[in-house]
Amino acid sequence: MSLHRTNPAELAPPRGFSHAVSVTATDGRLVFLAGQTALDSAGAVVGQTLVEQFETALGNLLAALAATGGTPDHLARVTVYATDVADYRAHAAELGRVWRRLAGREYPAMAVIGAVRLWDESALVELDGIAMVP
């Protein structure tokens, strides 16, 4: 299995994501990761700030991925749902540092989508994803 990240020169240079990720596999599994918020093991949202919640939500997404035998470099796509996109943009550098610390420097194809609210009313951010796990 291989993931190939493509960032065409005619598109704006990506920062913190890849424009396209293609998967070639002869023996692998496509894993769909459910949306993860900043829930602790008791089911309570933890963290008051977007950055704090992002770190927990990303950790939860990576834990679900690890349970399938996957690692962060197997992520092909991640969607981020934020209740305040302006706040997300304002903290992009901090969020990028959290991503690199937990998931590394290989970015999947990504999108950030503004949401009025998430399932848990106190959640500020949710991440879901798709991975190709050998």
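The buried residues of helix α1 are covered by elements that include β3, β4, α2, α3 and β6, where helices (H or I, at least four residues) and strands (E, at least two) are DSSP runs numbered from the N terminus. Those buried residues are Leu50, Val51, Gln53, Phe54, Ala57, Leu58, Leu61, Leu62 and Leu65, with buried meaning under 20% relative accessible area, exposed over 50%, and partly exposed in between (1.4 Å probe, protein chains only). Seen down the axis of α1, they fall within an arc of 165°, so they line one face of the helix; the arc is that of the directions from the helix axis to the C-beta atoms. Helix α1 has 18 residues and reaches 25 Å from its first C-alpha to its last, close to the 26 Å expected at 1.5 Å a residue, the expected span being 1.5 Å times one less than the number of residues. After α1 comes Gly69, whose phi is positive, near 95°.

This is a predicted model, in which local features need pLDDT of at least 70 and side-chain atom pairs count only at pLDDT 80 or more, while totals for chains, interfaces and linings use all residues. Residues are numbered from 1 along each chain as its sequence is written, and side-chain values use heavy atoms, with hydrogens and water left out.

Helix α1 (residues 50-67) lies across β3, β4 (75-82) and β6, and runs at about 25° to β6; axes are lines fitted to C-alpha atoms, for helices over the stretch in contact, and angles run from 0 to 180 degrees between N-to-C directions. These three strands belong to an open sheet of four strands with the order β3-β6-β4-β5 and mixed pairing. At the edges stand β3 (29-36) and β5 (109-114), each with a single partner strand, so one side of each is left without a neighbour in the sheet. From one strand to the next, the twist averages 10°.

Strands of a sheet pair through backbone hydrogen bonds, either parallel or antiparallel. Here two strands are counted as a pair if DSSP finds at least two bridges between them. Strand β3 is joined by six bridges to β6 (residues 125-133), and the two run antiparallel. Within this pair, Val31 has Ala131 in β6 as its bridge partner, and Gln36 stands opposite Leu127 in β6. The pairing of β4 with β6 is also antiparallel and extends over seven bridges, with Tyr81 standing opposite Glu126 in β6. Strand β6 is mostly covered, since seven of its nine residues are buried.

Thr79 offers a view from within strand β4. This residue is buried, with a relative accessible area of 7%. Leaving aside its neighbours within four places in sequence, Thr79 is in contact (heavy atoms within 4.5 Å) with Ala111, Ile113, Glu126, Leu127 and Asp128.

Another helix to follow is α3 (residues 92-103), whose twelve residues reach 15 Å from the first C-alpha to the last, close to the 16 Å expected at 1.5 Å a residue. Leu95, Gly96, Val98, Trp99 and Ala103 are buried in α3. They cover an arc of only 160° around the axis, which puts them on the same side of α3. What the buried residues of α3 pack against is α1, β4, α2 (85-90) and β5. Just after α3, Gly104 takes a positive phi of about 95°.

At the start of the chain, Met1 lies in the segment before β1 (2-6) and is partly exposed, with a relative accessible area of 35%. The C-alpha atoms of Met1 and Thr26 are separated by 6.4 Å, although these residues are 25 apart along the chain. Beyond its neighbours within four places in sequence, Met1 is in contact with residues including Val23, His74 and Pro134.

Taken as a whole, the chain comes to three helices and six strands, which follow the pattern β-β-β-α-β-α-α-β-β along the sequence. The radius of gyration of the chain is 15 Å, close to the 14 Å that the globule rule gives for 134 residues, so the chain is as compact as a globular protein of that length; this radius is taken over C-alpha atoms, and the rule is 2.2 Å times the number of residues to the power 0.38. Of the 134 residues, 34% count as buried. Among contacts between residues at least 6 apart in sequence, 74% join residues at least 24 apart.
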